[in-house]
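Colleague: Please choose one part of this model and take a close look at it for a first-year student. I should like to learn how that part is placed in the rest of the chain, with each term explained where it appears.

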Amino acid sequence: MRNHTLTHHQVVTDVDKTVRGILEGKFSIRKLRYKLQYLYAALMSEYNDSLKYDETIHWFIATIQVLQGEYYATEITWDADLVYEFVDEIQSYENEYSLMKIKFRLQERRNTQKLTKYVNQLVNHYSRVLMVRVDLKYHNSDKTEIGVDEFREHMRVLRERLSNKDRCIKGLEGYAWALEQGYRRTESGNLHCHLLLIYSGAERKNAYYLAKEIGEIWESITNGAGGYFNSHTSGYIKTLKKIGQSPVAMVHRKNSHEVKKVLEVSEYLTTKSKDVDGKFNQRLKMKVPNMRTFGTGQFDINKRRGIKQ
């Protein structure tokens, strides 16, 4: 039975932030004493054996179990001395943590290379393409929490519809997606997806309408639990221009500036050059086994003009 007000995603995100804070030297003993009074019990009340949790979560659990001895976690008195012991135990994972971050960045680099190749193939194949960006998410709700297993299923249905090119997705030539989990206080551990859609520029022109269309499909798939952010509203475009950035929509193959810009924008799915740690922090902290967090459509398909298999 849940005896706290945090969701599973919030608990796991808070545990991850706590462990990372200690390993990166960004913590307060006073705040740790407060967190440790409730965080372990909250985590174990939500723990699901069918899910694969991140290393930071396992380190947290293992450390508490070493320190609790014959006591239940809720019976431990977290005085300053015990909190310092907790810190020392967590810091013993420094080498594993460094290796974990290296592996993550190598995987992101491989994802970036795959995405760049894919986008280049599409841009060079068509005289012009329309690039559409939309972020898919879930509405915050105290009544219902979308589990990571439901998130995977919703994404499976969406990818199936994108691959099969429903009539309402006419002109779609390619797509790429990346799954993340928010870590800032305002995001509360929310699951979300960054989606890049690539349409034939000869068939489709209105990026705002297409992003809205996909967002409404997502709302339908999730039975109203999902929401979306349209990157092509006039308000968001004005915001980009104020900070010196130009929006990307129609890209012409012969315009090298447009091609370079769209490659930079598309890499937002896999790397954020100005916020590498932010990307790492937004990784999924729990997954269904064998769950993918990044992917693209296929370029070499029979339906694509000029492609033979």
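Modeller: Tryptophan 218 counts as buried because its relative accessibility is 0%. Here buried means under 20% relative accessible area, exposed means over 50%, and partly exposed lies in between, with a 1.4 Å probe and protein chains only. The model is a predicted one, in which local features need pLDDT of at least 70 and side-chain atom pairs count only at pLDDT 80 or more, whereas totals for chains, interfaces and linings use all residues. Residues are numbered from 1 along each chain as its sequence is written, and side-chain values use heavy atoms, with hydrogens and water left out.

Tryptophan 218 belongs to helix α8, which covers residues 207–221. Helices (H or I, at least four residues) and strands (E, at least two) are DSSP runs, numbered from the N terminus. The chain holds 11 helices and 8 strands, and 48% of its 309 residues count as buried.

What does tryptophan 218 touch, not counting residues up to four places away in sequence? Its partners are Leu136, Lys137, Tyr138, Phe151, His154, Met155, Leu158, Gly226 and Gly227, where contact means heavy atoms within 4.5 Å. One of these partners, histidine 154, is 64 residues from tryptophan 218 in sequence, yet the two C-alpha atoms are 8.1 Å apart in space. Another partner, lysine 137, offers its backbone oxygen, which lies 2.9 Å from a polar atom of the tryptophan 218 side chain. This is a polar contact, that is, a pair of N or O atoms within 3.5 Å; within protein, one must be able to donate a hydrogen and the other to accept it, and residues adjacent in sequence count only if both atoms are side-chain atoms. Partners far off in sequence are also a feature of the chain as a whole: of the contacts between residues at least 6 apart, 75% join residues at least 24 apart.

The role of α8 in the interior can be described next. A nonpolar core is a set of buried Ala, Val, Leu, Ile, Met, Phe, Trp, Tyr and Cys residues joined through side-chain atoms within 4.5 Å. The largest such core has 65 residues, and those with the most contacts inside it are Phe60, Leu195 and Leu197. Helix α8 gives the most to this core, with 7 residues. In soluble globular proteins, nonpolar side chains tend to be buried together. Leucine 195 is in contact with Ile214, and also with Val132, Arg133, Val134, Asp135, Leu136, Leu158, Leu162, Ala176 and Trp177, leaving aside residues up to four places away in sequence. Leu136 and Leu158 are thus among the partners of leucine 195 and among those of tryptophan 218. A second, separate core of 20 residues includes Val119, Ala178, Val251 and Phe294.

Helix α8 also has residues that are not buried. Lysine 212 is partly exposed, with a relative accessible area of 28%, and glutamate 216 is partly exposed at 37%. Their side chains meet in a salt bridge at 2.6 Å, N to O. A salt bridge is a side-chain nitrogen of Lys or Arg within 4 Å of a carboxyl oxygen of Asp or Glu. Why do these two residues come about one helical turn apart? They are 4 residues apart in α8, so about one helical turn separates them. An α-helix has 3.6 residues a turn, so residues three or four places apart point the same way.

The structure holds 11 salt bridges, and another of them offers a contrast. Lysine 279 and glutamate 180 meet at 2.3 Å, N to O. This pair links distant parts of the chain, with lysine 279 in helix α11 (residues 276–281) and glutamate 180 in strand β3 (residues 172–181), 99 residues apart. Lysine 279 is buried, with a relative accessible area of 6%, and glutamate 180 is buried at 2%.

After α8 the chain enters the loop that leads to β5 (226–230), and asparagine 223 lies in that loop. Asparagine 223 counts as exposed because its relative accessibility is 74%. Its phi is near 55°, a positive value in a residue other than glycine. Most residues other than glycine have a negative phi. A second example is asparagine 290, with phi near 65°, in the loop between β7 (286–287) and β8 (294–296). Asparagine 290 is likewise exposed, with a relative accessible area of 79%.
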